[in-house]
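Here's a quick briefing to read alongside the model. Have the sequence and the 3D view open, and we'll go through it topic by topic.

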Amino acid sequence: MSKFVPTSFAALSMMLAAPVQANELRADLEADMPDLMELYRDLHANPELSFEEHETAAKLAKRMRDLGFEVTEGVGKTGVVSVMKNGEGPTVLLRADMDALPVVEQTGLPFASKVTATPASGVTTGVMHACGHDTHMTGFIGAAQLLVDHKDKWQGTLVMILQPAEEAGGGARAMLADGLYTRFPKPNYALAFHDAAADKPAGTIGISPGYALANVDSVNITVKGIGGHGAYPHTTKDPIVLASAIVMRLQTLVSREMSPLDPGVVTVGSFLAGAKHNIISDEAKLQLTVRSYSDANRKLLLDGIARIARGEAIAAGLSDDLMPVVEVQEDFTPATFNDPDLAEQLVARFGDRFGEDRVGTLPPVMGGEDFSEYRRADPDNIKSAIFWISGTPQSMLDALEKDGTPLPSLHSPFWAPDAEKVIATGAEALASAAIDLMPRGGA
Ligand SMILES: [Zn+2]
Ligand SMILES: [Zn+2]
């Protein structure tokens, strides 16, 4: 299918040259919305944690099968792959993520989750779709229905995937490792949307051309020392003083080693050491989140962390066997890159469809999304884009304007998006973009 990959902006514009009339999809979508909202409330009330999305996957796999897709379950543990071949043409992948978060819901919604679970931490917790993945899944089903209803408008192969474990990281990688691109058609394009707690009316679309979300690494540093009595520090090697020096020098990585034009974050989110006022402990533990966009800057930060930890330990006079242990967790999330031409085209086409006041470009953020993996698996041949859809209810925007009441963020127990607007916008945006990328007669 590689012959369908456009190599230039002009080629891409040509491929996108056959717009779908807005009202055709929208009329059908309006008829579908009551059923979709029922599905949304059901998904919201029954959230499942990462890699535990068994009921969710089964429920949605059945819907996709009923729509006529060839459906395979259990791809990357709980992932679902639905394929529909509809003549010669490009392959377009649409993705929704399925997992919820260990959050006790406090929205007060009539269909609020009462589900509890005991994750690997061993601590029983509430479970909530606090990131809005329930809106993603419902919009995805809405898009599938529109694409099946309007099969006469596109030709090519549609691959619609329901991904586990976005929150834990590793869901996309698990599906790819389980043969997403070898057992099923490999896409020319990959698209997804994410709801956003933005200061814009619900249903507003934003896209970041180029880097959209960051590389996310978790790093653990175990700082060693020699413990003893707090009154005799000269007989010890104090790991708290050493770890503090490490924390302070880490701040120079972004400010003094990376280009001032490149974004980066080194945050020490946890610093644990000691048990009592008058005891110098023999260990301190640091947990860091490290964020960047390019592979080169990621390496610069991770190498720098290891060098600074060791350098400060040497400066503190620690022997070789007491050097800090720096561990970079394997399950890192790579940066998400939106193909700039595809992103600009989506902005233009969504602008025509939804109105220019509802669509725009956005600066990138330092959050992470493993949607990045779908392009990264073959960056020369796959163009991908993820876009944001604001879910902020008007009442929250009014309260923000009136007395500065802050908006809840994603992952907040109070995040109750205007789901109807997110779902309707997401379904229409995904379906229309897929049709634009696989126009009938465009092969
Ligand atoms: Zn999330
Ligand atoms: Zn999310």
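**Briefing: one helix, one pocket, two buried spots**

Glu 55, Lys 62 and Asp 66 are exposed on one side of helix H3. Turn to the other side and you'll find Thr 56, Ala 57, Leu 60, Ala 61 and Met 64, which are buried. Bear in mind that this is a predicted model, with a mean pLDDT of 94 for the chain.

**Confidence**
- 95% of the residues in the chain reach a pLDDT of 70 or more.
- Residues 1–11 are the stretch to treat separately: the pLDDT there is below 50. In the model this stretch still has 24 contacts beyond near neighbours in sequence.

**Helix H3**
- H3 covers residues 54–66, so to speak 13 residues, and its first and last C-alpha atoms are 18 Å apart, close to the 18 Å expected at 1.5 Å a residue.
- Looking down the axis, the buried residues of H3 fall within an arc of 120°, so they line one face of the helix.
- The background is simple: an α-helix has 3.6 residues a turn, so residues three or four places apart point the same way.
- After H3 comes Gly 68, with a positive phi near 100°.

**The largest pocket**
- The largest pocket holds about 870 Å³ of space.
- Its lining is made up of 41 residues, and those nearest the centre are Leu 213, Val 365, Gly 367, Gly 368 and Trp 388.
- Strands E7 (189–196), E8 (205–207), E10 (215–224), E17 (359–361) and E18 (383–390) are the elements that each give two or more residues to the lining.

**Ala 130**
- You'll find Ala 130 in the loop between strand E5 (125–126) and helix H4 (133–149).
- Is Ala 130 buried or exposed? Ala 130 is buried, with a relative accessible area of 0%.
- Leaving out neighbours within four places in sequence, Ala 130 is in contact with Leu 101, Val 103, Leu 410, His 411, Ser 412 and Trp 415.
- Take Trp 415 from that list: Ala 130 and Trp 415 are 285 residues apart in sequence, yet 6.0 Å apart in space, C-alpha to C-alpha.

**Ser 292**
- Ser 292 sits in strand E14, which runs over residues 283–292.
- With 1% relative accessibility, Ser 292 counts as buried.
- What does Ser 292 touch, not counting residues up to four places away in sequence? The partners are Ala 214, Asn 215, Pro 263, Asn 297, Arg 298, Leu 301, Ala 335 and Met 366.

How values were computed
Residues numbered from 1 in each chain as written. Chains lettered and ligands numbered in written order. Predicted model: local features only at pLDDT ≥ 70, side-chain atom pairs only at ≥ 80, totals over all residues. Heavy atoms only, no water. Helix = DSSP H or I, 4+ residues; strand = E, 2+ residues; numbered from the N terminus. Expected span 1.5 Å × (residues − 1). Buried < 20%, exposed > 50% of the residue type's maximum accessible area, 1.4 Å probe, protein only. Arc of directions from axis to C-beta. pLDDT = per-residue confidence, 0-100. Contact = heavy atoms within 4.5 Å. 1 Å grid on protein atoms, 1.4 Å probe; cavity = no way out; pocket = protein on both sides within 12 Å on 5 of 7 lines; lining within 4 Å. Points joined across faces, edges and corners; volume = space filled by probe spheres on them.
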